[in-house]
Amino acid sequence: MEKRIAICPGSFDPITLGHLDIIRRSAALFDEVVVLVSVNYEKHTTFTAAERVDMARRATEGLDNVRVDSDNGLLAEYAKNTGARWLVKGLRAMSDFEYEFQMALTNKKLYPELETLFFTTDIRYMYLSSSMVRQVAAFGGDISEFVCPQLKQEIAARLRRAPD
Ligand code: ADP
């Protein structure tokens, strides 16, 4: 039988507990899940692609059917080449919806066999975003409720602003 492969795409700048919740729930439904770190030249990221991939790998270490990859091309092309027919995205609020809806329709146009699935965020992570983690860490706030324990120190140290 055909292997059911899903992709969880994102910038993961850095990967948060909200992302991990969506990844874990996908891993329970599919044979294989690819966490795809996008390398988008138009979008400035705080962490480099190599750092974002490394953090995503360490955060998902215990999940046997999850692997991490990065790509700088079209998501629909990556999915075609990988044999993935599902994209899984998380929805936090209505504000996520319009952009995600547009992306899902575009990807469907480019690769009609590709289905985009939306998972409702876990209520614990509804407010959580990578940019929120970056801001809290920049001011030395506690990020232990937002990122996994094995990344906490590194993210905090990397983002802590030097006092003016
Ligand atoms: P962000 O929107 O935080 O910059 P990404 O671009 O890395 O994150 O997002 C990748 C995917 O993860 C998107 O589908 C996004 O909606 C989802 N996601 C991000 N944070 C959460 C969260 N707290 N709960 C559920 N889904 C989330």
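Which polar side-chain atom lies 3.0 Å from an oxygen atom of the ligand? Select Arg 92 and you have found its owner. Before going on, note that this is a predicted model, where local features need pLDDT of at least 70, side-chain atom pairs count only at pLDDT 80 or more, and totals for chains, interfaces and linings use all residues. Residues are numbered from 1 along each chain as its sequence is written, and side-chain values use heavy atoms, with hydrogens and water left out.

**Stop 1: the ligand and its contacts**

Stay with the ligand and pick Gly 90: one of its backbone N or O atoms is 2.5 Å from a ligand oxygen atom. Now click Thr 121, where a polar side-chain atom sits 2.9 Å from a nitrogen atom of the ligand. These are polar contacts (pairs of N or O atoms within 3.5 Å). On its own the ligand exposes 530 Å², and the protein buries 87% of that (accessible areas by the Shrake-Rupley method with a 1.4 Å probe).

**Stop 2: the shell**

Next, show everything around the ligand: 16 residues surround it, each with a heavy atom within 4 Å. Ser 11, Phe 12, Gly 90, Thr 121 and Tyr 125 are the closest. By class, you get five nonpolar, eight polar and three charged residues; here Asp, Glu, Lys and Arg count as charged, Ala, Val, Leu, Ile, Met, Phe, Trp, Tyr, Cys and Pro as nonpolar, and the others, Gly among them, as polar.

Color α1 and you will see the largest share of this shell, three residues. Helices here are DSSP runs of H or I with at least four residues, strands are runs of E with at least two, and both are numbered from the N terminus.

**Stop 3: the loop between β1 and α1**

Zoom in on Phe 12, which is found in this loop. Its phi is near 50 degrees, a positive value in a residue other than glycine. Pro 14 has its place in the loop between β1 and α1 too, and the peptide bond leading to Pro 14 from Asp 13 is cis, with omega near 5 degrees. What makes that worth a look? Most residues other than glycine have a negative phi, and most peptide bonds are trans.

**Stop 4: a salt bridge**

Finally, select Arg 58 and Glu 154, whose side chains meet in a salt bridge at 2.8 Å, N to O. The pair ties together distant parts of the chain, with Arg 58 in helix α2 (residues 49-59) and Glu 154 in helix α6 (residues 149-159), 96 residues apart. The count of salt bridges comes to 12, taking a side-chain nitrogen of Lys or Arg within 4 Å of a carboxyl oxygen of Asp or Glu.

Conventions: A polar contact is a pair of N or O atoms within 3.5 Å; within protein, one must be able to donate a hydrogen and the other to accept it, and residues adjacent in sequence count only if both atoms are side-chain atoms.
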